[in-house]
Amino acid sequence: MSVSTASPPAGTKASFFERLSQSRNGLGLLFMLPAALFLLCFLTYPLGLGVWLGFTDTMIGRPGIFIGLENYEYLWHDRVFWMSVFNTVVYTAVASVLKFVLGLWLAIILNEHLPFKTFFRAIILLPWVVPTVLSALAFWWIYDSQFSIISFVLMKAGLISAPINFLGDPTNARLSVIAANVWRGIPFVAISLLAGLQTIPASLHEAAALDGATSWQRFRSITLPLLTPIIAVVMTFSVLFTFTDFQLIYVLTKGGPVNATHLMATLSFQRGIPGGALGEGAAIAVAMVPFLLAAILFSFFGLQRRRWQQGGSD
Amino acid sequence: MASVDIVDVRKYFGAHPVIKGVDVQIEDGEFVILVGPSGCGKSTLLRMIAGLEHISGGEIRIGDRVVNDVPPKDRDIAMVFQNYALYPHMTVADNMAFSLKLKGASRSEIEDRVKPAAAILGLSAYLDRFPRQLSGGQRQRVAMGRAIVRDPQVFLFDEPLSNLDAKLRVSMRTEIKSLHQRLTTTTIYVTHDQIEAMTMADKIVVMQDGRIEQIGAPLELYDRPDNLFVAGFIGSPAMNMLHGRVDSADPSRFVTRDGVVLPLGRPRPDLTGRDLVYGMRPEAIQLGGSVSIQVDVIEPTGSESQVIGRLGAAEIACVFRERVSVRPGEMMPVSIDPAATHLFDAADGRRITAA
Ligand SMILES: Nc1ncnc2c1ncn2[C@@H]1O[C@H](COP(=O)(O)OP(=O)(O)O)[C@@H](O)[C@H]1O
Ligand SMILES: [Mg+2]
């Protein structure tokens with residue numbers, strides 16, 4: 001030892017544990033070890049395997065060999081793949097915007113003094129607690145080409161003459177699955193934003209009202225800025241959920257008609273499992289990663305404490 | 001600037017009455033303090049003036065305009081909240097300029113208003129800070145700055161000093177008062193602290209349980225409280241109160257329940273036989289005399305001496321300008337200035353005026 005530390009003359013082994021138990025960092029590392037191992041096994045391994053598979057020509061029942069970027073080259077020239085990318089982006093963008101706008105609107109309504117407020121707040125969670133497969137099946141009936149309740153009502157009202165072909169027409173099918181996704185995703189956004197709204201003290205709105213703000217100006221200059229940190233979290237999650245959506249599409253359309261509603265997740269499954277091309281399926285899944293990373297980065301910057309949030313307590 | 005008239009105003013929360021018919025006339029430029037124990041409805045009344053609570057009955061006029069149905073933003077009043085209600089995401093300058101921006105004032109105009117207000121309040125160095133980066137006292141000033149910049153008809157304050165420490169509270173008291181002398185804007189100020197009320201107000205409104213007990217200048221309330229509640233609420237240490245009757249044999253004497261004899265200003269044969277309360281301020285008691293007090297505690301503050309003792313069974317507080325040399329347990333002879341005493345009816349608590 002060149003640096004003379006005040007180490008006790010006792011055996012180095014004892015002093016190692018002693019020092020470990022005194023050291024904040026050492027202890028922290030020790031306590032994090034189980035969690036780190038857990039993450040390594042159950043997160044990194046499957047992810048790593050997926051990435052590896054993407055570089056092979058593995059088929060179901062046949063171990064593959066490393067083929068470099070061949071899968072990606074093939075996908076680059078695959079119109080169906082690009083269609084699924086386009087679909088995923090449109091699906092995520094439109095559904096997320098709708099979920100945000102409608103969810104915020106609902107949250108604001110629920111934040112007012114309504115009769116039966118708690119009842120409505122409970123009701124609003126229903127779409128979220130119903131298992132997706134179940135609600136997807138319900139939508140399947142709602143969108144049925146012959147027995148759709150929507151078509152039935154509109155026909156009775158004399159607004160249309162023939163049933164709407166919800167899932168058979170590419171544009172209709174896209175709109176229909178987006179609507180179903182929005183319906184399912186709104187509760188999460190609304191309830192989270194409601195929680196955010198409730199952290200804004202009523203006196204701020206009162207002060208702004210006395211300062212001469214109309215209700216729209218209060219929303220713009222008080223509610224929205226104070227809600228941005230929560231909006232950033234909620235919308236990041238919402239975008240991640242929507243981008244990786246699988247169940248709804250798979251139950252409603254299986255990607256049809258003519259791939260019009262195929263998302264990257266459903267296409268990946270389609271090619272990998274029923275199609276048997278595990279390597280290619282994995283490559284499609286890996287292609288989702290850059291998009292997801294972008295969303296996460298966005299949230300990372302969105303989540304940073306703003307300057308006004310720093311400093312002492314309120 | 002404007003006068004404020006509150007005429008028979010009532011407030012119900014559901015079926016529960018909180019303000020039970022209140023009348024106050026506030027002159028243009030006056031500094032009026034609403035004072036009363038916690039929960040008596042002071043904030044509710046203030047919030048009705050601001051337009052933040054619906055008025056269940058009666059009428060509120062600002063200037064000569066009835067404002068019952070005028071929304072808060074059109075009442076031209078500024079309010080300082082107990083928790084300050086500063087916009088956390090705006091700098092001090094933006095907090096103060098918010099109302100002007102809403103009105104569409106130009107940048108130079110905003111600057112012309114915010115800069116001097118900040119200077120008056122000693123905030124010039126903090127204009128770029130956010131509320132979280134300020135101390136409690138500075139936040140309090142920003143809240144006042146936001147009100148001053150508005151140049152409103154009326155200032156409303158809801159317990160603005162209650163979140164500050166004792167020392168700061170005293171200095172802010174002076175500051176608010178001198179600010180009012182400078183701006184002469186009509187001000188309505190709510191507090192539960194009678195010292196704040198006594199030291200700052202032109203006019204005090206004492207409230208209890210949704211009703212007004214008395215309205216008057218600070219010393220008026222101190223010298224001539226209308227009833228036992230005001231007598232006990234205003235002044236610290238509180239007025240000493242002794243139950244008893246006027247002596248029927250000698251109506252210039254008051255005899256307490258314990259048989260202690262106290263002097264009356266003049267004979268009151270008209271009051272014999274009635275249950276009364278005899279009130280005397282702690283400083284109405286002088287050293288030396290025919291009444292003896294059993295001393296319990298002595299609290300010298302330097303400038304004066306407080307003595308807590310017992311007269312019969314009743315607890316008595318005395319304040320002497322001079323230093324006293326008694327010890328706990330001893331008897332202390334005192335006299336009472338009969339001119340500085342008060343009589344109240346024990347049944348309804350009302351002051352008994354000279355008949
Ligand atoms: N929004 C409300 N709903 C029901 N009761 C209320 C409401 N606001 C105040 N109160 C009641 O009105 C009374 C007076 O309240 P407040 O004006 O805040 O008292 P103070 O400011 O004098 O302490 C209290 O009993 C309080 O519980
Ligand atoms: Mg209050």
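User: How far apart do the C-alpha centres of domain 1 of chain A and domain 2 of chain A lie?

Analyst: A word on the ground rules: this is a predicted model, in which local features need pLDDT of at least 70, side-chain atom pairs count only at pLDDT 80 or more, and totals for chains, interfaces and linings use all residues. Residues are numbered from 1 along each chain as its sequence is written, chains are lettered from A and ligands numbered from 1 in the order written, and side-chain values use heavy atoms, leaving out hydrogens and water. Chain A has domain 1 (2-54) and domain 2 (77-305), with bounds from an automatic or database assignment. The C-alpha centres of these two domains of chain A are separated by 41 Å.

User: Which three residues supply 80% of what domain 1 of chain A buries against domain 2 of chain A?

Analyst: Buried area here is the accessible area (1.4 Å probe) that two parts lose on being put together, summed over both. For these two domains of chain A it comes to about 310 Å², with 81% on carbon and sulfur atoms. On the domain 1 side, the trio that gives more than any other three residues is A:Val51, A:Leu53 and A:Gly54.

User: And in chain B, how much area do domain 1 and domain 2 bury between them?

Analyst: Chain B divides into domain 1 (4-232) and domain 2 (238-345), and their C-alpha centres lie 39 Å apart. Nine residues of each domain of chain B are in contact with the other, contact meaning heavy atoms within 4.5 Å. Carbon and sulfur atoms account for 62% of the area these domains of chain B bury, which is about 690 Å².

User: Which three residues lead the way where chain A buries area against chain B?

Analyst: Each chain puts 25 residues into this contact. About 2,300 Å² is buried between chain A and chain B, 59% of it from carbon and sulfur atoms. On chain A's side, 33% comes from a trio that supplies more than any other three residues: A:Leu210, A:Asp211 and A:Trp308.

User: What share of ligand 1's accessible area does the protein cover?

Analyst: Ligand 1 is surrounded by residues of chain B including B:Phe13, B:Val18 and B:Ser43, using a cut-off of 4 Å between heavy atoms and ligand. Its oxygen atoms have polar contacts (N or O pairs within 3.5 Å) with the backbone of B:Gly39 at 2.6 Å, the backbone of B:Lys42 at 2.9 Å and the side chain of B:Thr44 at 2.5 Å. Of the 560 Å² of accessible area (Shrake-Rupley, 1.4 Å probe) that ligand 1 has on its own, the protein covers 58%.

Technical notes:
A polar contact is a pair of N or O atoms within 3.5 Å; within protein, one must be able to donate a hydrogen and the other to accept it, and residues adjacent in sequence count only if both atoms are side-chain atoms.
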